[in-house]
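The following exercises are to be worked with the sequence and the coordinates at hand. Each task is followed by a solution in steps.

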There are 2 protein chains.
Amino acid sequence: MKPNLDRVFSALADPTRRRIVARLARGEATVMELAAPFRMTQPSVSKHIKVLERAGLVSRSRHAQTRPCRLEPAPLRAAMEWTGSYRMLWEDSFDRLSDFLDANSQTKKKGQ
Amino acid sequence: MKPNLDRVFSALADPTRRRIVARLARGEATVMELAAPFRMTQPSVSKHIKVLERAGLVSRSRHAQTRPCRLEPAPLRAAMEWTGSYRMLWEDSFDRLSDFLDANSQTKKKGQ
DNA sequence: CAAGAATATATCCGAAACGGAATATATGAA
DNA sequence: TTCATATATTCCGTTTCGGATATATTCTTG
C-alpha cells in the first residue's frame, strides 16, 4: 500500500479537502461533523471524503449509523518527503540542525 | 506572491510535471531539453511547463530563442510546510533531531 | 530579407472533476 | 414494521485537463 503521489497531491489540491484534513488532524470525525463548516451539500462532502479515501489519506470505521473518518499519516508523509527532497533548493546553509529548527518553528505557526 | 496551494498541489499531481521538477532541481533547462525524455509532443510539454509556471514553481528567462526554465523553491517549500505541519501524526517521539535525521536520510534515498 | 530553430498559441477531442438535486441504502429506535 | 438519522449513489450540466495537430511568433544567421 504505497502512497500514489498522483492521487495524494491531487486530493490535496482542493481547499475543502485540505480543511477536512486539518480538521481530522485533531481527531476522528463523522461525515456530518466534517460537513458542518461548509456551505456545500452533504453528498458533495461525501464525495470529497471519498477522494481522500482513495488517496489513502483517510480511513473509516463503522459505528452505528456513522462512519467515522480518521487521518492516515503515510500519504502525507510521502508528500512531505517528495517535496522535502528539494530542501536543498531553499537551504543555503549546511547546518542541517539549525535549518530544521527554523523550518519547524515556522510550520508550527502555520494554520491551514 | 504567496504560493497558492491549490495550484501548487495540482501542479504536482501529474507525474510528467514531477519529473520536470526533478530535472530542474539539477539546473536550468530549455523546453527542448525538458521535452526530450518524454514521448509527448512539444506543445504538450509547453503546457505542462505553463502549469508549473502558474503555480510559481518555475520561472523563465530569455536567452536567444530559448527560454530556460528555473525551479523556484518557495512553492515547494510551502507544500512541504503544509504537509509537514502534520508530522506529529507519524512521529511518536519528541526527539526532533533524530526524527529529522531519519526522515532526511530517507528522502535522500528516494528518486522521483 | 529569407530560412531555420525554439517556443507559443489555437483548436479539437475524450475523459475527468466539481457541485447540486434527487434518490437510495443502512442502521438504530420506537 | 415504521420512522428517523447518517451516508452513499446516480444523473446532470459545466468546467478543466491532458494530449494531438496545425499554425504562428520570435530570434538567429546567412
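Helices (H or I, at least four residues) and strands (E, at least two) are DSSP runs, numbered from the N terminus. The model is predicted, and local features need pLDDT of at least 70, side-chain atom pairs count only at pLDDT 80 or more, while totals for chains, interfaces and linings use all residues. Residues are numbered from 1 along each chain as its sequence is written, and chains are lettered from A and ligands numbered from 1 in the order in which they are written.

**Exercise 1.** Determine the order of the secondary structure elements of chain A.

*Solution.* Step 1: chain A has six helices and two strands. Step 2: read from the N terminus, the order is α-α-α-α-β-β-α-α.

**Exercise 2.** Describe how α1(A) packs against α5(A).

*Solution.* Step 1: two packed helices are described by the angle between their axes and the distance between the axes. Axes are lines fitted to C-alpha atoms, for helices over the stretch in contact, and angles run from 0 to 180 degrees between N-to-C directions. Step 2: for α1 (residues 5–12) and α5 (residues 73–84) of chain A, the angle is about 95° and the axes are 10 Å apart. Step 3: α1(A) and α5(A) are therefore roughly perpendicular, since angles of 65 to 115 degrees are so classed (under 35 is roughly parallel, over 145 roughly antiparallel, the rest oblique). Step 4: Leu5(A), Val8(A), Phe9(A) and Leu12(A) of α1(A) form the contact with Pro75(A), Ala78(A), Ala79(A) and Trp82(A) of α5(A); two residues are in contact if their C-beta atoms, placed from the backbone, lie within 7 Å. Step 5: by class, this contact has eight nonpolar, no polar and no charged residues (Ala, Val, Leu, Ile, Met, Phe, Trp, Tyr, Cys and Pro are nonpolar; Asp, Glu, Lys and Arg charged; the others, Gly among them, polar).

**Exercise 3.** Treat α2(A) and α4(A) likewise.

*Solution.* Step 1: the axes of α2 (residues 15–24) of chain A and α4(A) come within 10 Å and cross at roughly 75°. Step 2: α2(A) is therefore roughly perpendicular to α4(A). Step 3: Thr16(A), Arg17(A) and Ile20(A) of α2(A) meet His48(A), Ile49(A), Val51(A) and Leu52(A) of α4(A). Step 4: the classes here are four nonpolar, two polar and one charged.

**Exercise 4.** Which residues come nearest to DNA strand D, and which element gives the most to the surface near this strand?

*Solution.* Step 1: a residue is near a strand if its C-beta atom, placed from the backbone, lies within 6 Å of it. Step 2: of the 22 residues around DNA strand D, Thr30(A), Met32(A), Pro43(A), Ser46(A) and Thr66(A) come nearest. Step 3: α4(A) gives the most to this surface, with five residues. Step 4: by class, the surface near DNA strand D has eight nonpolar, eleven polar and three charged residues.

**Exercise 5.** Is Ala64(A) buried or exposed, and what is the sign of its phi?

*Solution.* Step 1: a residue is buried if 20 or more other C-beta atoms lie within 10 Å of its own, exposed if 12 or fewer, and partly exposed in between. Step 2: Ala64(A) has 7 C-beta neighbours inside 10 Å and therefore counts as exposed. Step 3: Ala64(A) lies in the loop between β1 (58–60) and β2 (69–71) of chain A. Step 4: the phi of Ala64(A) is positive, about 55°, although Ala64(A) is not a glycine.
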